Amino acid sequence: MPPLPRIRASALDDLVKQLRYAPGATLRRHIERAEWLAGRIDPDEIYPEDWVVHQVTGYRPSMDEPALLVGEALRADLPAFVEHLCEAARLTPSDAPEAVSAEALASQWNVTRRTLERWRRLGLVGRRVAGESRARAVLVFMPEAVRAFEAREGERIARARSFTRLDAADEQEILELARGDAERGVTLNRAARRAAARTGRSHEGVRQFLRRAAGDGLVEFAGTAPLSTSRRRMIARAARWGVAASRVGEATGRSVASVHRVIAEERARALRGFEIPALPRHADPGSLDAHLATPEAQGGLLVWTETDLLAFLHRARVREAPDEQIERARGRALVAARERARRTILELPVHSPALRWIDRAETDLRWSSRLKAVLLAGTMPVVIQSFAGAVDREPESLRAGLLVEGLAVATAAASSAIDRYDAWGGGRVAGAVTLAVSRACAAWARVALPSAARGGQASPRLLPGHSIAHWASGLDAWQTDLDLTGGAQGVMLRLADEHRAWLACRHGLGGQAPRTLEEAATEFGHSRAQAGRREREALAAVRVAVCLE
């Protein structure tokens, strides 16, 4: 059988696993109810998990904190959910005698199979039935599901039905117009836009035709050479600073769609390069969303910071013993955030990955770093004590340069110990941190200290005025790419209130969990388009403030 499509929503994935052993008749009822539900989902609404379960099964479970599903994501996942149920029910063509095949439906609507596949993300539900050979499955569509989609997306179907491909005369006219533009140094994208306006064709359709013509040597445009690796990374960096895709496109001779595609592919490439720690030995993430929905994971993640070395030592010695249950809840959430990010990254396609899933993975990795920082903050007195024991002297007696180097070793060792912390097993974070810091700092002291601590030399006394970086800014490799760009956090107080609030929400700077763009849009009452503009404006404000500093 061909592979089943992936169900991205954990709540629906868990529900399939619970229902797959139900009797065939029961599964067929669930399939019918899920088909009915797909036609009634509002993409802009939020649906609790227990309500979805009730709509599909007729049974409303008791859930203390049900997961919340965005309507658009739920509607996109229901077709895959139905296919999984069909596979479990082992449906055959005799179970859906009145259904139409995908080929017949595409012919009826005068669209391609690829268009049908795209529309399945809009809630077009099909049933997976066994084909003539058991090694192959086919997709069929029930009349009720087809009628529901027609009623909901009739305008979209009409537009697709009226589409006609370029004929030879159209192609020749477009090619002649484009050649004239190319001689004047006009880029492919601008030539396509001008030709589309003259011929009444879509800009994208003309652009794709001209790309093929350029590849065949029929026309040569300025700026159509493939982007170099450094150029692609420059585009991604510009996006991180809030530069609009239209401005980047003008500078590089690319369309806005092409710029967005490069940004997505570069962000996905960076994600694949991160080495995400393996699960601890006894870890059982179970429902990842459940571990991340706890109050301990959602809030209380603000950590202290000192940029003066002496003040840092004084603050780090303040004992704030964390509650064991809170510590375990945050340890499990840390594992869940990293594991959910890892799974999302593995599913990202190489070409044209969806930005919403890239944002989900990036946000989860940011979240894991915030959780690690708050766990480390609770054990910071142990880190300083273990460092002092390993070097056999008070930290203040070391020269500032050596002390900064040694504390960096201690912090890195503590960070690695937290990566290995098993929140499902016994022990506390402090025990693992103590051992790791003692070993790492003892090895460092054997190399770094002998020449700096010979007998007869007076011990230096640390004075205020030695600046250090924020101790929580380098705990994970991905923080350099995913946290606010260098210098940005230092200018936050100079930003307008709305920009500061937006960035604090997105990056979890106020002690709460970081939010994806869609989650932040919901929180601020914005549409997705408004949220995108808000993000660019806030990053642009940071860019200006950093440049003026």
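Reader: Which residues is Leu218 in contact with, leaving aside its neighbours within four places in sequence?

Author: In this predicted model, Leu218 is in contact with Leu175, Arg179 and Ala213, once neighbours within four places in sequence are set aside. Leu218 itself is placed in the loop between helix H10 (203–215) and helix H11 (229–240).

Reader: Why is Leu218 called partly exposed?

Author: The relative accessible area of Leu218 is 43%. Buried would require a value under 20% and exposed a value over 50%. The value for Leu218 satisfies neither condition, and the residue is therefore partly exposed.

Reader: How do you know whether Arg90 is buried or exposed?

Author: Arg90 has a relative accessibility of 62%. The term exposed applies over 50%, so Arg90 counts as exposed. This residue lies in the loop between helix H4 (71–89) and strand E3 (100–101). Its phi is near 55 degrees, a positive value in a residue other than glycine.

Reader: What makes Asn110 partly exposed?

Author: Its relative accessibility is 46%. Because exposed means over 50% and buried means under 20%, Asn110 is assigned to the class in between. Asn110 is found in the loop between helix H5 (102–109) and helix H6 (113–120), and its phi, near 60 degrees, is a positive value in a residue other than glycine.

Reader: How many aromatic pairs does a search of the whole structure find?

Author: The search finds nine aromatic pairs. For Trp304 and Trp471, the ring centres are 5.4 Å apart and the planes stand at 45 degrees.

Reader: Why is the pair of Trp304 and Trp471 called tilted?

Author: Two rings pair if their centres lie within 6.5 Å, and the 5.4 Å between Trp304 and Trp471 meets that condition. Stacked planes are under 30 degrees apart and edge-to-face planes over 60; the angle here is 45 degrees, so the pair is tilted.

Reader: What does the pair of Trp304 and Trp471 tie together?

Author: Trp304 lies in the loop between helix H15 (295–298) and helix H16 (309–316), while Trp471 lies in the loop between helix H21 (429–448) and helix H22 (479–482); the pair therefore ties together parts that are 167 residues apart in sequence. Both Trp304 and Trp471 are buried.

Reader: How do you know that Trp502 and Phe524 form a tilted pair?

Author: The rings of Trp502 and Phe524 are 5.2 Å centre to centre, with 55 degrees between the planes. The distance is within 6.5 Å, and the angle is neither under 30 nor over 60 degrees; the pair is therefore tilted. Trp502 belongs to helix H23 (residues 497–507) and Phe524 to helix H24 (residues 517–524), so parts 22 residues apart in sequence are tied together.

Reader: Why is Trp502 called buried, and why is Phe524 called partly exposed?

Author: Trp502 has a relative accessible area of 0%, which is under 20%, and so Trp502 is buried. Phe524, at 29%, is neither under 20% nor over 50%, and so Phe524 counts as partly exposed.

Reader: What makes Arg356 lie over the face of Trp357?

Author: Arg356 is 5.7 Å from the ring centre of Trp357. The distance must be within 6 Å, and the direction must be within 35 degrees of the ring normal. The distance of 5.7 Å meets the first of these conditions, and Arg356 is found to lie over the face of the ring.

How values were computed:
Residues are numbered from 1 along each chain as its sequence is written. This is a predicted model: local features need pLDDT of at least 70, side-chain atom pairs count only at pLDDT 80 or more; totals for chains, interfaces and linings use all residues. Side-chain values use heavy atoms; hydrogens and water are left out. Rings of Phe, Tyr and Trp (its six-membered ring) pair if their centres lie within 6.5 Å; planes under 30 degrees apart count as stacked, over 60 as edge-to-face and the rest as tilted. Helices (H or I, at least four residues) and strands (E, at least two) are DSSP runs, numbered from the N terminus. Buried means under 20% relative accessible area, exposed over 50%, partly exposed in between (1.4 Å probe, protein chains only). Contact means heavy atoms within 4.5 Å.
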